[in-house]
Amino acid sequence: MLEIQYLRQNSSEAISRLTLKTPDAGELIAAVLKLDEEKRISQMALEEMQARINAASKETGDLYKAGKKQEADKMKAETASWKEELLKLEAAAGKAEQALFDQLTLLPNLPDKSVPPGRTPQDNLVVHEEGTVPQLPEGCLPHWDLAKKYKIIDFETGVKVSGAGFPVYTGKGARLQRALINFFLDKATEAGYTEIEPPILINEASGFGTGQLPDKEGQMYFSGQDKLYLIPTAEVPITNMYRDTILDEEALPVKNCGYTPCFRREAGSYGKDVRGLNRLHQFDKVEIVQIQHPDKSYQTLQEMRNYVAGLLRMLELPFRILKLCGGDMSFASALTFDLEVFSAAQKRWLEVSSVSNFETFQSNRMKLRFRQGKDKPRLAHTLNGSALALPRIVAALLENNQTPEGVRIPKALTAYTGFGYID
RNA sequence: GGAGAGAUGGCAGAGUGGUUGAAUGCGGCAGUCUUGAAAACUGUUUUACCCUACGGGUAACGGGGGUUCGAAUCCCUCUCUCUCCGCCA
């Protein structure tokens with residue numbers, strides 16, 4: 001949620017930034033400012049009435065205590081007559097505040113000034129490319145065929161047990177999942193992140209805090225009996241741990257990481273994009289989350305991006321980094337880098353990580369603040385990134401490392417898998 | 001699932017209709033004392049919003065609603081937490 005004070009004071013800057021994300025930025029912001037004005041007018045009227053009643057009530061009490069019953073009764077009657085007016089003012093102020101809040105929550109985050117213009121993924125900027133695409137032998141297979149050949153992922157049985165998008169990993173496939181999770185968690189810990197094992201069902205307030213609710217309701221699985229949502233990413237519980245808190249400045253940056261399964265309904269997806277491991281309803285991911293001082297958050301974003309790139313390097317996967325254009329960025333993000341690996345048999349780039357700075361967009365929803373000395377609390381900046389999402393990593397590992405002897409496991413992982421080849 | 005208890009400031013814990021935004025203790029911060037530290041003593045210590053603003057106002061004692069001139073305090077309702085029993089990884 002954007003900060004209303006900022007919008008009030010910097011409306012033209014806000015409009016130009018928001019235009020990177022949506023063409024009707026001007027109207028959106030104008031609507032918010034108008035509602036803000038109305039809200040303040042109704043608030044002033046209400047508070048004035050409340051002040052009158054408070055003063056009169058105090059006087060009434062004093063008069064009773066002084067034994068001046070007649071005067072007190074008279075004052076009481078007069079104050080009672082204001083009641084109807086007060087109720088009207090309360091209703092109007094409540095309505096105006098709600099209208100402002102509703103409009104404000106509709107606004108996406110303002111893109112950072114460095115965000116490239118554009119509406120579609122084609123407008124994303126490739127800012128880095130690294131590694132060599134392997135030359136695959138004749139008859140190389142896409143990962144779903146390799147998965148079958150080596151009996152490591154069973155898509156059909158997953159369909160039986162749950163449905164499409166819920167694969168079953170077996171044998172070395174399951175072991176590879178566990179190896180990757182442990183590898184990612186160990187690396188994150190070495191980089192100073194504290195490991196968290198969070199709940200994977202979250203309440204509505206948490207869904208609102210990180211920006212999934214109310215607008216992306218349909219993308220999460222929901223347990224209606226308990227009003228709990230299955231997390232689409234560990235970002236949600238790990239960031240919401242700090243909802244409604246004021247941190248000491250010295251506590252920054254907060255660096256947490258966590259492994260969780262992630263659940264996404266992915267309503268409306270179909271076709272080759274969802275083949276094999278490319279897009280699933282349930283998948284494993286290790287996430288890194290930071291809470292940082294506003295002055296340092298962009299430097300932190302850079303560090304997180306470099307950290308994730310380092311993981312891909314250790315896994316010996318060719319990758320590139322995209323700076324997302326305004327139109328392709330998520331609702332809550334101010335600047336996002338996507339990291340994609342090249343999956344050699346499919347011959348396509350697969351997004352395996354998204355690293356974002358949300359500035360105060362999430363912290364304003366969550367009331368996540370920090371305090372410098374004796375100053376008033378300020379909203380902190382929140383950041384997160386996948387480090388990493390497993391399925392597409394596995395897809396690329398399988399495809400890129402296929403040999404006549406089997407699928408070679410990168411050296412960095414063999415200590416975790418306990419085997420050098422899947423055969 | 002059954003029975004009961006509770007929800008107050010960073011924490012603990014008072015407060016059952018009128019200077020209670022809230023006693024007291026602990027913690028935190030500042031100061032006195034000390035070579036330094038501890039102890040002791042003194043002071044200080046919630047947050048949000050609004051207003052032509054070194055000042056003024058409003059709101060908040062789990063959420064929402066009600067009674068009243070006036071509610072942390074009374075009533076209704078929801079949520080959550082804890083304890084005991086049952087069930088269970």
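## Helix packing and the RNA surface, by definition

Author: In this predicted model, the axes of helix α2 (residues 11-19) and α3 cross at roughly 140° and come within 8 Å.

Reader: Why are α2 and α3 called oblique to each other?

Author: Set the angle against the cut-offs. The axes cross at roughly 140°, while roughly antiparallel is kept for angles over 145 degrees and roughly perpendicular for 65 to 115. The value falls in neither class, and therefore α2 and α3 are oblique. As for hand, α2 passes α3 in a right-handed crossing.

Reader: Which residues make the contact of α2 with α3?

Author: From α2 come Ser11, Ala14, Ile15, Leu18 and Thr19, and from α3 come Ala25, Gly26, Leu28, Ile29 and Leu33. Sorted by class, this contact of α2 with α3 has seven nonpolar and three polar residues, and no charged ones.

Reader: What makes α3 and α4 roughly antiparallel?

Author: Again, look at the angle. Helix α3 (residues 25-65) and helix α4 (residues 69-80) pack at about 160°, and their axes are 8 Å apart. Roughly antiparallel asks for an angle over 145 degrees, and about 160° passes that mark. So α3 and α4 are roughly antiparallel to each other.

Reader: Is the crossing of α3 and α4 left-handed or right-handed?

Author: The crossing of α3 and α4 is left-handed. On the α3 side, the contact is made by Ile53, Ala56, Glu59, Thr60, Leu63 and Tyr64. They meet Lys69, Glu71, Ala72, Asp73, Met75, Lys76 and Thr79 in α4. By class, that makes six nonpolar, two polar and five charged residues.

Reader: On to the RNA. Which residues come nearest to RNA strand B?

Author: There are 23 residues around RNA strand B, and Gln5, Arg8, Gln50, Thr79 and Arg371 come nearest. Of the strand's atoms within 4 Å of the protein, 72% belong to sugar and phosphate.

Reader: How do you know that Arg40 makes a polar contact with RNA strand B?

Author: The cut-off for a pair of N or O atoms is 3.5 Å. A polar side-chain atom of Arg40 sits 3.0 Å from a phosphate oxygen of RNA strand B, and that pair is within the limit. Glu47 passes too, with an N or O atom of its side chain 3.1 Å from a base nitrogen of the strand. For Ser57, the side-chain N or O atom is 3.0 Å from a sugar or linking oxygen of RNA strand B.

Reader: Which elements give two or more residues to the surface near RNA strand B?

Author: They are α1 (4-9), α3, α4 and β14 (368-371). The largest share comes from α3, with 12 residues. By class, the surface near RNA strand B has five nonpolar, eight polar and 10 charged residues.

Reader: Now the backbone. What is omega for the cis bond joining Leu213 and Pro214?

Author: Omega is about 5° for that cis peptide bond. Pro214 is found in the loop between α9 (204-210) and β6 (222-223). A cis bond also runs from Leu252 to Pro253, where omega is near -5°. Pro253 lies in the loop between β8 (245-248) and β9 (254-263).

Reader: What makes phi of Asp244 worth pointing out?

Author: Phi of Asp244 is near 55°, a positive value in a residue other than glycine. Asp244 has its place in the loop between α10 (235-240) and β8.

Note on methods
Residues are numbered from 1 along each chain as its sequence is written. Chains are lettered from A and ligands numbered from 1 in the order in which they are written. This is a predicted model: local features need pLDDT of at least 70, side-chain atom pairs count only at pLDDT 80 or more; totals for chains, interfaces and linings use all residues. Side-chain values use heavy atoms; hydrogens and water are left out. Axes are lines fitted to C-alpha atoms, for helices over the stretch in contact, and angles run from 0 to 180 degrees between N-to-C directions. Helices (H or I, at least four residues) and strands (E, at least two) are DSSP runs, numbered from the N terminus. Angles under 35 degrees count as roughly parallel, over 145 as roughly antiparallel, 65 to 115 as roughly perpendicular and the rest as oblique. A crossing is left-handed if the near helix is turned anticlockwise from the far one by less than a right angle, and right-handed if clockwise. Contact means heavy atoms within 4.5 Å. Ala, Val, Leu, Ile, Met, Phe, Trp, Tyr, Cys and Pro count as nonpolar, Asp, Glu, Lys and Arg as charged, and the others, Gly among them, as polar. A residue is near a molecule or strand if one of its heavy atoms lies within 4 Å of it. A polar contact is a pair of N or O atoms within 3.5 Å; within protein, one must be able to donate a hydrogen and the other to accept it, and residues adjacent in sequence count only if both atoms are side-chain atoms.
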